[in-house]
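Reader: I'd like a close look at one part of this model before I set anything up. Could you walk me through it?

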Amino acid sequence: MTCNNAAEAQKGAFITFEGGEGAGKTTHIRFLSQTLEAMGREVVCLREPGGTSIGEQLRAVVLDPRNDVMADECELMIYLAARAQLVAQIVKPALERGAVVLCDRFSDSTMAYQGFGRGLDRDLVRRANDFACQGIRPDRTILLVPPSTRAGLARATVEGADRLEAAGDAFHERVNAAFAQMAAEEPERMRTVRSASKKSDTARAVFAELVDLFPQFEECLTSPTFFKSLDGAQVVQGARSGAMEGGARSDATEDGARSGMMEGGARSDVTEDSARSDVMEGGIRSDATEDSALDAALTGASAKACDEVPPRAGVSTCVSKNALAKEGDA
Ligand SMILES: Nc1ncnc2c1ncn2[C@@H]1O[C@H](COP(=O)(O)OP(=O)(O)O)[C@@H](O)[C@H]1O
Ligand SMILES: Cc1cn([C@H]2C[C@H](O)[C@@H](COP(=O)(O)OP(=O)(O)O)O2)c(=O)[nH]c1=O
């Protein structure tokens, strides 16, 4: 299999992943980012809320189960504040550089969770979202749909629930129904992919929804083996979710543990590990092994995409080498 590694001027692309709890967003963002990097693209992986130092601090507050008195209006403002910072500090500059920005949740989550889930005025949510996004809109949004709301929640809460995960089945049913409605209203941008089947099938469907933006994916899609190794990549929830506090996940810990999105969206293997331990709150993590296993499996899959791996030096990665979006780079 061949692929085009030419270092030509690239147009930036902003791809967001949306969906209810445990839909598989983290898994598929990681696979996609490694593939794009192997093809020579600069990739910046982000998650919301978070991705900047300010955003990660806001995340810790909004997801902390101890903040159970938080008003819905306050919750909305925190998500929007984190987004405004992320867009200004990381997303805009990265797109201007020509990077592919992959974001785990964005404005659709605010409409689904705070608009439909909490029942806040949806027109106000839309306008406030537009303000926070500063004119930036996703080029494509992948809506990942878990087998059922309950199954997704079960996947996501193996180690306990953060404040949003603990909002109840009815809340999460509303959220998932909202995502489906929003995808139906905007089918060109928002593409629905079910994550009920094998991860390889889900990944293939994700790539199929992006092939018009990344024509190189045509070769992945016609390969009988490209996606297969993903099925061997197990995400060990316990290893990823970090320290527990009385059955509830510490979101600060979970932040560092799961996404590996460093402050400013940048990370390296070394800083990532220290970042993970920095955010620990009384727990010992063992996700390094699990993450390496996942990375190895995914890298194997990505490597098959291109005869000319590894990617050219200097190409950043959200998984291990992203040296781009350090604090203040904007
Ligand atoms: N088809 C699938 N695609 C992605 N993840 C899946 C799939 N089937 C099962 N899973 C599992 O679902 C769990 C949640 O995945 P994750 O990527 O963390 O979701 P999210 O980031 O949306 O919460 C993981 O344990 C993952 O292994
Ligand atoms: C971005 C965003 C997230 N959320 C919620 C969804 C999640 O429950 C939580 C983010 O936590 P996270 O653990 O990242 O969830 P997931 O792994 O399922 O993506 O915040 C909102 O309610 N509004 C928003 O605007």
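Which residues are the closest to ligand 2, and how many surround it?

Author: Sure, and bear in mind that this is a predicted model. Ligand 2 is surrounded by 16 residues, with Y79, S109, T110, Y113 and L164 the closest. Sorted by class, that shell holds seven charged, six nonpolar and three polar residues. Helix α4, residues 107-117, supplies the largest share of the shell, four residues.

Now follow the packing from there. α4 is one of the two helices that the buried residues of α5 pack against, the other being α3 (72-97). Helix α5 itself covers residues 122-133, 12 residues in total. From its first C-alpha to its last, α5 reaches 16 Å, close to the 16 Å expected at 1.5 Å a residue. Its buried residues are V125, A128, N129 and A132. Looking down the axis of α5, you'd find them within an arc of 105 degrees, so they line one face of the helix. That fits the general pattern: an α-helix has 3.6 residues a turn, so residues three or four places apart point the same way. Over on the other side of α5 sit D123, R127 and F131, which are exposed. Right after α5 comes Q134, with a positive phi, near 50 degrees.

For the wider setting, an unreviewed UniProt entry lists residues 17-201 as "domain: Thymidylate kinase-like". In the model, that span is 55% helix and 12% strand, and its end C-alpha atoms lie 17 Å apart.

Note on methods. Residues are numbered from 1 along each chain as its sequence is written. Chains are lettered from A and ligands numbered from 1 in the order in which they are written. This is a predicted model: local features need pLDDT of at least 70, side-chain atom pairs count only at pLDDT 80 or more; totals for chains, interfaces and linings use all residues. A residue is near a molecule or strand if its C-beta atom, placed from the backbone, lies within 6 Å of it. Ala, Val, Leu, Ile, Met, Phe, Trp, Tyr, Cys and Pro count as nonpolar, Asp, Glu, Lys and Arg as charged, and the others, Gly among them, as polar. UniProt positions are given in the numbering used here, feature names are shortened, and annotations may be inferred rather than shown by experiment. The expected span of a helix is 1.5 Å times one less than its number of residues. A residue is buried if 20 or more other C-beta atoms lie within 10 Å of its own, exposed if 12 or fewer, and partly exposed in between; C-beta atoms are placed from the backbone. The arc is that of the directions from the helix axis to the C-beta atoms. Two residues are in contact if their C-beta atoms, placed from the backbone, lie within 7 Å.
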